[in-house]
Amino acid sequence: MSARSLFDPMVDAYDAARPSYPDQLFKDLEWLAGRELAGADILEVGAGTGIATRDLLARGARVIPVDHSSVMLGRLRERTPEIGVVRADGEALPFSGAVADLVCYAQAWHWVRVPVAAAEAARVLRPGGALAVWWNDVDGEDLRWWERQQRRLEAMSPGYRRDYRTRPWADELRWTGLFTEVVMVSGRWSRTLPLDRYELWLRSKSYVQAIGDRLEDFLDAERRSLLKAFPDGLITEPFHTILTVARIPPSTPS
Ligand SMILES: C[S@@+](CC[C@H](N)C(=O)[O-])C[C@H]1O[C@@H](n2cnc3c(N)ncnc32)[C@H](O)[C@@H]1O
């Protein structure tokens, strides 16, 4: 396992500008997992700088953040020094079996191979436990500034397509045969942030960094386009949050 991650050069932008997750997502997670987060033992994989970690801790969970990047975990520890972290790959978790009530991936499940990471999650879950994977996706289809941005990205970022994360997440988990119940729910919310912070958010995306030498041209064009849509420099960005929860069987009485 490499100690370096694609996200390492973006750690400052990531930490400063990535969105958190709405309260409703955690209510849905409790409902679908069939238990409260308070008191739950959670392995949170792809924890990054700890955005979701802190959301889970605030709800009373006991969280062990796992990430393959020492740089991202270093920032998490600066922000949240009271908990330990584990540097590891979601496809080979260094934990014994049946130790967690929940395995969570916030904005990170698309970085692992589903059959391998799902088997690892099922192995470390206690009977009746659940794997939960979620994302914030920008809900911009009807917005002209977002359409302009997506076209620019598709032209400038090698291999980028706006639907890169559109996959049958719930079906992929069902197809593993590891879970008795797989349910997906979604919700909508929005945030408003100043242009300079919005620019940091753009810089924290791997496909924006992939633009390479033309990154500043892309950001100049974005600034002009966004100021046309938001002349006061406050960008309102709508999100669509998708949560999939997959439960493993409860223990069978002997
Ligand atoms: C987009 S960030 C998400 C960070 C955080 N969970 C959040 O909610 O913002 C994805 C994180 O997954 C980590 N990651 C990617 N592939 C991984 C793997 N195979 N095992 C563990 N972590 C991984 C990256 O280092 C990065 O920190």
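## Exercises on a predicted model

Around the ligand, the shell is made up of 11 nonpolar, seven polar and three charged residues. Keep in mind that this is a predicted model. Grab the structure and let's work through it.

### Exercise 1: The ligand's surroundings

Find out which residues come nearest to the ligand, and which polar contacts it has with Tyr14, His68 and Gly90.

*Solution.*

Step 1. Start with the neighbours. There are 21 residues around the ligand, and those that come nearest are Tyr14, Tyr21, Gly46, Asp67 and Ala106.

Step 2. Now look for N and O atoms that pair up; the cut-off for a polar contact is 3.5 Å. The side chain of tyrosine 14 has an N or O atom 2.8 Å from an oxygen atom of the ligand. Histidine 68 joins in through its backbone, with a polar atom 3.3 Å from a ligand nitrogen. Glycine 90 also uses a backbone N or O atom, this one 3.0 Å from a nitrogen of the ligand.

Step 3. Check how covered the ligand is. On its own it has 600 Å² of accessible area, and the protein covers 96% of that.

### Exercise 2: A salt bridge between helix and loop

Work out which parts of the chain are tied together by the salt bridge of aspartate 23 and arginine 59.

*Solution.*

Step 1. Confirm the pair. The closest N and O atoms of aspartate 23 and arginine 59 are 2.7 Å apart, and the rule for a salt bridge asks for within 4 Å.

Step 2. Place each partner. Aspartate 23 belongs to helix H2 (residues 23–33), while arginine 59 sits in the loop between helix H3 (51–58) and strand S2 (62–67), so the bridge ties together parts that are 36 residues apart in sequence.

Step 3. Are the partners buried or exposed? Partly exposed means between 20% and 50% relative accessible area. Aspartate 23 has 37%, so it counts as partly exposed. Arginine 59, with 26%, is partly exposed too.

### Exercise 3: Strand to strand, or within a helix

Compare where the partners sit in two more salt bridges: arginine 126 with aspartate 41, and glutamate 120 with arginine 123.

*Solution.*

Step 1. Arginine 126 and aspartate 41 bring their closest N and O atoms to 3.0 Å. Arginine 126 is in strand S5 (residues 125–138) and aspartate 41 in strand S1 (residues 41–45), so this pair links distant parts of the chain, 85 residues apart. Arginine 126 is partly exposed, at 28% relative accessible area.

Step 2. Glutamate 120 and arginine 123 meet at 2.8 Å, N to O. Both lie in helix H5 (residues 114–124), and because they are three residues apart there, about one helical turn separates them.

Step 3. Add accessibility. Glutamate 120 counts as buried, at 12%, whereas arginine 123, at 33%, is partly exposed.

Step 4. Zoom out. The salt bridge count comes to 26. Some residues form a network of salt bridges: Asp12, Asp15, Arg75, Glu78 and Arg79.

### Exercise 4: An annotated span and a glycine

Describe residues 43–132, then locate glycine 50.

*Solution.*

Step 1. An unreviewed UniProt entry annotates residues 43–132 as "domain: Methyltransferase type". In the model, this span is 32% helix and 29% strand, and its end C-alpha atoms lie 10 Å apart.

Step 2. Glycine 50 is found in the loop between S1 and H3. With 0% relative accessibility, glycine 50 counts as buried.

Step 3. Finish with a distance. Glycine 50 and aspartate 196 are 146 residues apart along the chain, and 22 Å separates their C-alpha atoms.

Key. Residues numbered from 1 in each chain as written. Predicted model: local features only at pLDDT ≥ 70, side-chain atom pairs only at ≥ 80, totals over all residues. Heavy atoms only, no water. Near = heavy atom within 4 Å. Polar contact = N/O pair within 3.5 Å; in protein donor to acceptor, adjacent residues only side chain to side chain. Areas by Shrake-Rupley, 256 points an atom, 1.4 Å probe, with all protein chains shown as cover. Nonpolar A, V, L, I, M, F, W, Y, C, P; charged D, E, K, R; others polar. UniProt positions renumbered as here; feature names shortened; annotations may be inferred. Helix = DSSP H or I, 4+ residues; strand = E, 2+ residues; numbered from the N terminus. Salt bridge = Lys/Arg side-chain N within 4 Å of Asp/Glu carboxyl O. Buried < 20%, exposed > 50% of the residue type's maximum accessible area, 1.4 Å probe, protein only.
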